[in-house]
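Me: I've got a fold on my screen and I'd like to talk it through. Can we go question by question?

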Amino acid sequence: MSSNNTKQLKKAGMHIELPNKAIDVICGMEVDPAQTKLHVEHKGEVYYFCSIVCKNHFVNDPQKYVG
Ligand SMILES: [Zn+2]
């Protein structure tokens, strides 16, 4: 039992995302905030986008994506 738990923890650890990654809420893609100028501040949070198309979707209707 305990060895199985250890295995699962190890596996989960490999999927920890780097803190410098953001998720594009429109398409679900990973975006590196350092490499994009496409971001929008909404209700005190900053959202990053992979493309101007995704950004425009968000700007047109942010509530739809973040509630
Ligand atoms: Zn996108």
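Reply: Sure, here are a few questions and answers on a hairpin, a cysteine and a core, bearing in mind that this is a predicted model.

Me: How many bridges join β3 to β4, and which way do the strands run?

Reply: β3 covers residues 39-42 and β4 covers residues 45-48. The two strands run antiparallel, and the number of bridges joining them is four.

Me: Which residue in β4 is the bridge partner of H39?

Reply: H39 belongs to β3, which spans residues 39-42. Across in β4, its bridge partner is Y48.

Me: Which residue in the turn of the hairpin has a positive phi?

Reply: β3 and β4 make a hairpin, with two residues between them. One residue in that turn has a positive phi of about 50°, and that's K43.

Me: Is C54 buried or exposed?

Reply: C54 sits in helix α2, residues 52-60. A residue needs 20 or more other C-beta atoms within 10 Å to qualify as buried. C54 has 21 such neighbours, so it counts as buried.

Me: Which residues does C54 touch, leaving out those up to four places away in sequence?

Reply: Take L38 as a distance check: it is 16 residues from C54 along the chain, and their C-alpha atoms are 9.1 Å apart. With the sequence neighbours set aside, the contacts of C54 are D24, I26, C27 and F49.

Me: How many residues make up the largest nonpolar core?

Reply: C54 is one of its members, and others include A22, V31 and F58. β4 and α2 each supply at least two residues of this core. In all, the core's residue count is eight.

How values were computed:
Residues are numbered from 1 along each chain as its sequence is written. This is a predicted model: local features need pLDDT of at least 70, side-chain atom pairs count only at pLDDT 80 or more; totals for chains, interfaces and linings use all residues. Two strands pair if DSSP finds at least two bridges between them. A residue is buried if 20 or more other C-beta atoms lie within 10 Å of its own, exposed if 12 or fewer, and partly exposed in between; C-beta atoms are placed from the backbone. A nonpolar core is a set of buried Ala, Val, Leu, Ile, Met, Phe, Trp, Tyr and Cys residues joined through C-beta atoms within 7 Å. Two residues are in contact if their C-beta atoms, placed from the backbone, lie within 7 Å.
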